[in-house]
Amino acid sequence: MRVAIVTFDGFNELDSFVALALLNRVKGWRAGICGPGAAVTSMNGVRVDVQQSLEFAGEADVVLIGSGVRTREVISDAKLMARLRLDPARQIIGAQCSGALLLGTLGLLEDVPVCTDVTSKPWVVATGAQVVEAPFHATGNVATAGGCMAAHYLSAWAIARGAGEAAARDVIDYVAPVGEKAETVARVMGVVAPFLPVAVPA
C-alpha cells in the first residue's frame, strides 16, 4: 500500500510524524511525507525533506492530512488546492484537526459529522460542517480526528481499513507504553471499531 502523509509549511509535527511512524510499521506499506515543494518546515521550525510530490496524493492508496498553523492559507491558494485530487471511491482518506478544512474545501465532508480541534473548530463550522465533540469519526472511506493526540486513532483506522484489525492492533501494541499495552490497544480500537466495516461470517 502506498501512503501519502500530506504536509504543508507550518505543520504540526505530531500529526505527520506519528502517522508516518505508525503506518510504516505495517508490512508491505510505504508511507512518505508528501508536500508541495522540496521541503516543509513545521510550526516549531523543524525542516523536513519531502519524499513525494503533492500530486502523489492522487495516486496513493491511503491519504492522511495533518494540521498546521497555515492551513487557512493553503485552502485559499487555488493553484495549490488544484494539485490535490482525492477520490474517496478508491482511497482511504483521513484528516486531523485543521486538515478537515482541506477535506471540506475538496467537498469531501458534506452532510457528515466532522471532528477537529478546539482552535480549528470555528473555521470548520464556518464552512457549514457539522462538528461533533469526539476524537474520531469516519463515514465510509473518509475520516476526521480532533486533537494532536488523536493521531493514533486516525492511523489505527487507516491500518484496519487497509490491512485488517489484527494489523492495527499489532502496531498499536508495539508502540504502546510498557505496562499499558492491553489497555491502550483496547482504548484505541474501541474508538475506531464502530467505524470499520462489519465482517461477514464465512
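Start by selecting D111, which sits in the loop between α4 and β8 (113-114). Keep in mind while you click around that this is a predicted model. Look at the backbone here: D111 has a positive phi of about 60°, although it is not a glycine. That is worth a pause, because most residues other than glycine have a negative phi. Is D111 buried or exposed? Turn on the surface and you'll find D111 exposed, with a relative accessible area of 79%.

Now jump to C97, in the loop between β7 (92-96) and α4. C97 also isn't a glycine, and it has a positive phi of about 50°. Its surroundings are another story: C97 is buried, with a relative accessible area of 2%. Anything under 20% counts as buried, so C97 at 2% fits that label.

**Into the strands**

Next, select residues 2-6, which form strand β1. How many of its five residues are buried? Four of them are, so the strand is mostly covered, given that buried means under 20% relative accessible area.

Add residues 30-35 to your selection, and you have strand β2. β1 and β2 run parallel and are joined by five bridges. To see one of the pairings, pick A4 in β1 and look across to G32, its bridge partner in β2. Then follow the chain from β1 to β2: the path goes through helix α1 (residues 13-23), and this β-α-β crossover is right-handed.

β1 has a second neighbour to show you. Select residues 62-65, strand β6, which runs parallel to β1 and is joined to it by four bridges. Which residue of β6 is the bridge partner of I5? It's L64.

**Open spaces: the pockets**

Time to look for gaps. Select S67, G68, D117, T119 and S120 together: of the 14 residues lining the largest pocket, these lie nearest its centre. The pocket holds about 220 Å³ of space. Colour the lining by class and you'll get seven polar residues, five nonpolar and two charged.

For the second largest pocket, select L109, E110, T127, G128 and A129, which lie nearest its centre among 13 lining residues. Its volume is about 180 Å³. Which element gives the most to this lining? Highlight helix α4 (residues 99-105), which supplies three residues. By class, the lining of the second largest pocket has six nonpolar, five polar and two charged residues.

**Closed spaces: the cavities**

The structure also holds three cavities of 30 Å³ or more. Head for the largest by selecting F8, G66, S67, G68 and T71, the residues nearest its centre out of 13 in the lining. If S67 and G68 ring a bell, you met them at the centre of the largest pocket's list too. The largest cavity has a volume of about 80 Å³, and its lining is made of six nonpolar, five polar and two charged residues.

Last stop: the second largest cavity, with a volume of about 40 Å³. Select L109, V112, P113, H137, A138, T139, V142, A143 and T144 to show its lining. Two strands are worth colouring here, since β10 (136-139) and β11 (142-145) each supply at least two of the lining residues. How many charged residues does this lining have? None: it divides into six nonpolar and three polar residues.

Definitions and conventions. Residues are numbered from 1 along each chain as its sequence is written. This is a predicted model: local features need pLDDT of at least 70, side-chain atom pairs count only at pLDDT 80 or more; totals for chains, interfaces and linings use all residues. Side-chain values use heavy atoms; hydrogens and water are left out. On a 1 Å grid over the protein atoms alone, a cavity is a set of points where a 1.4 Å probe fits but cannot get out, and a pocket is an open set with protein on both sides within 12 Å along at least five of seven lines; lining residues have an atom within 4 Å of a point. Grid points are joined across faces, edges and corners, and a volume is the space filled by probe spheres set on the points. Ala, Val, Leu, Ile, Met, Phe, Trp, Tyr, Cys and Pro count as nonpolar, Asp, Glu, Lys and Arg as charged, and the others, Gly among them, as polar. Buried means under 20% relative accessible area, exposed over 50%, partly exposed in between (1.4 Å probe, protein chains only). Two strands pair if DSSP finds at least two bridges between them. A crossover is right-handed if, with the strands pointing away from the viewer, the path from the first strand over the helix to the second runs clockwise.
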